[in-house]
Amino acid sequence: MKAVVFERFGEAPRIQTVPDPKPAADGVVIKVEATGLCRSDWHGWMGHDDGITLPHVPGHELAGIVVAVGKRVTRWKAGERVTVPFCVGCGRCFECNSGNHQVCEHQTQPFVTSFRAIVDQGRVTPGEWVAVHGCGGVGLSAIMIASSMGANVIAIDLTDEKLDFARKIGAVATINASTTPNVVKAIKQITNGGAHMSMDALGHPTTSFNSIANLRRRGRHVQVGLMLGEHARPQVPMDKVIAFELEILGSHGMQAHRYPAMMEMIRTGKLKPELLVGKKISLDEAPAALVAMGGFEGIGIGVVTKF
């Protein structure tokens, strides 16, 4: 089969022919019909994730069809349409047995979502103010989900083009951080005191700091954007965390057993992820698109649909 492969961190990926996979006894083989381009793929290519073994085939936001099953698999069969959670737990450890597969010590990682960050970790309720810092794929998904739950969402980004799109999918207010002298002050003015819940969807010291600092008393910050490499130890306004009794929460993918709730919202039309697709590209175009992700260009999510 053809795949995007990089053999060294930071060097241009190439399209290569790799051996066709065979299912393990308790696994399946999925024919990928579409896969999103994610910034975590870019982090992997840059070498920020020390869990990657070279050579590496990126691409973890996948959807496809089961084409082969292992001899011990009983719940899945060839021809079924599937996707895969970002955090695939081992199913045997304490965390998995308690329903927290997203923090399994032995996990593998092929898919990501904002649903857990907004619904489970952020605990967003109707009427609350929610600030989303960064309008890439994760941020736009968060805006759509929070809006569908009745929250008032403020989108923060560096370009008017992305912010205009954020309004189309549910944001009630936008802030261009490149032209706004004090983002935190602007959010507090819009919300009359600060956001109830705020999310850093980018993963940068500035957006992480602002997301915490823009909260009202007893507000909730959720960190979704990856903080890797030189950004792994960002500054935190701990004085505000203590004085305002703020919550700082991480969000790491979502358990498979929470997918039905999200799928039901899609089925009923409350969530429309198809609106987030910025462009469809071929596998041959994917290496260049992956390298370009460091520049934060384009609106919405790029999806590989031609193989």
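**Cysteines, sheet and cores in a predicted model**

Let me begin with one residue: C135 counts as buried, at 1% relative accessibility, where buried means under 20% relative accessible area, exposed means over 50%, and partly exposed lies in between, with a 1.4 Å probe and protein chains only. Before I go on, please keep in mind that this is a predicted model, in which local features need pLDDT of at least 70 and side-chain atom pairs count only at pLDDT 80 or more, while totals for chains, interfaces and linings use all residues. Residues are numbered from 1 along each chain as its sequence is written, and side-chain values use heavy atoms, with hydrogens and water left out.

Why does C135 not form a bond with C38? The sulfur of C38 is the closest cysteine sulfur to that of C135, but it lies 15 Å away, which is too far for a bond, since a disulfide is taken here as a pair of cysteine sulfur atoms within 2.5 Å. C93, which is also buried, has a relative accessible area of 15%, and its sulfur is 3.8 Å from the closest cysteine sulfur, that of C96, again too far for a bond. By this rule the count of disulfides comes to zero.

Now to the sheet. Helices (H or I, at least four residues) and strands (E, at least two) are DSSP runs, numbered from the N terminus, and two strands pair if DSSP finds at least two bridges between them. Six strands form an open sheet with parallel pairing, in the order β8-β7-β6-β9-β10-β11. At its edges are β8 (173-176) and β11 (247-250), each of which pairs on one side only. From one strand to the next, the twist averages 20°, where axes are lines fitted to C-alpha atoms, for helices over the stretch in contact, and angles run from 0 to 180 degrees between N-to-C directions. Helix α7 (residues 205-213) packs on this sheet, touching β6, β9 (195-200), β10 (215-223) and β11, and its direction makes about 150° with that of β10; contact here means heavy atoms within 4.5 Å. Within the sheet, β6 (residues 129-133) and β7 (residues 152-157) run parallel and are joined by five bridges, and V132 stands opposite A155 in β7.

Which residues have the most contacts inside the largest nonpolar core? They are I118, V130, L140, I143 and M199, in a core of 39 residues. Such a core is a set of buried Ala, Val, Leu, Ile, Met, Phe, Trp, Tyr and Cys residues joined through side-chain atoms within 4.5 Å. Among the elements that each supply at least two residues are α3 (115-121), α4 (137-148) and β13 (301-306), and the largest share, six residues, comes from α4. Apart from this core lies another, of 15 residues, among them V183 and I212. Leaving out residues up to four places away in sequence, L140 touches C135, F165, A166, I169, L276 and G300.

Finally, let me turn to Q255, which is placed in the loop between β11 and α9. Is Q255 buried or exposed? Q255 is buried, with a relative accessible area of 5%. Its side chain reaches the backbone oxygen of G99 at 3.2 Å, and also makes a polar contact with the side chain of Q102 (3.4 Å). A polar contact is a pair of N or O atoms within 3.5 Å; within protein, one must be able to donate a hydrogen and the other to accept it, and residues adjacent in sequence count only if both atoms are side-chain atoms.
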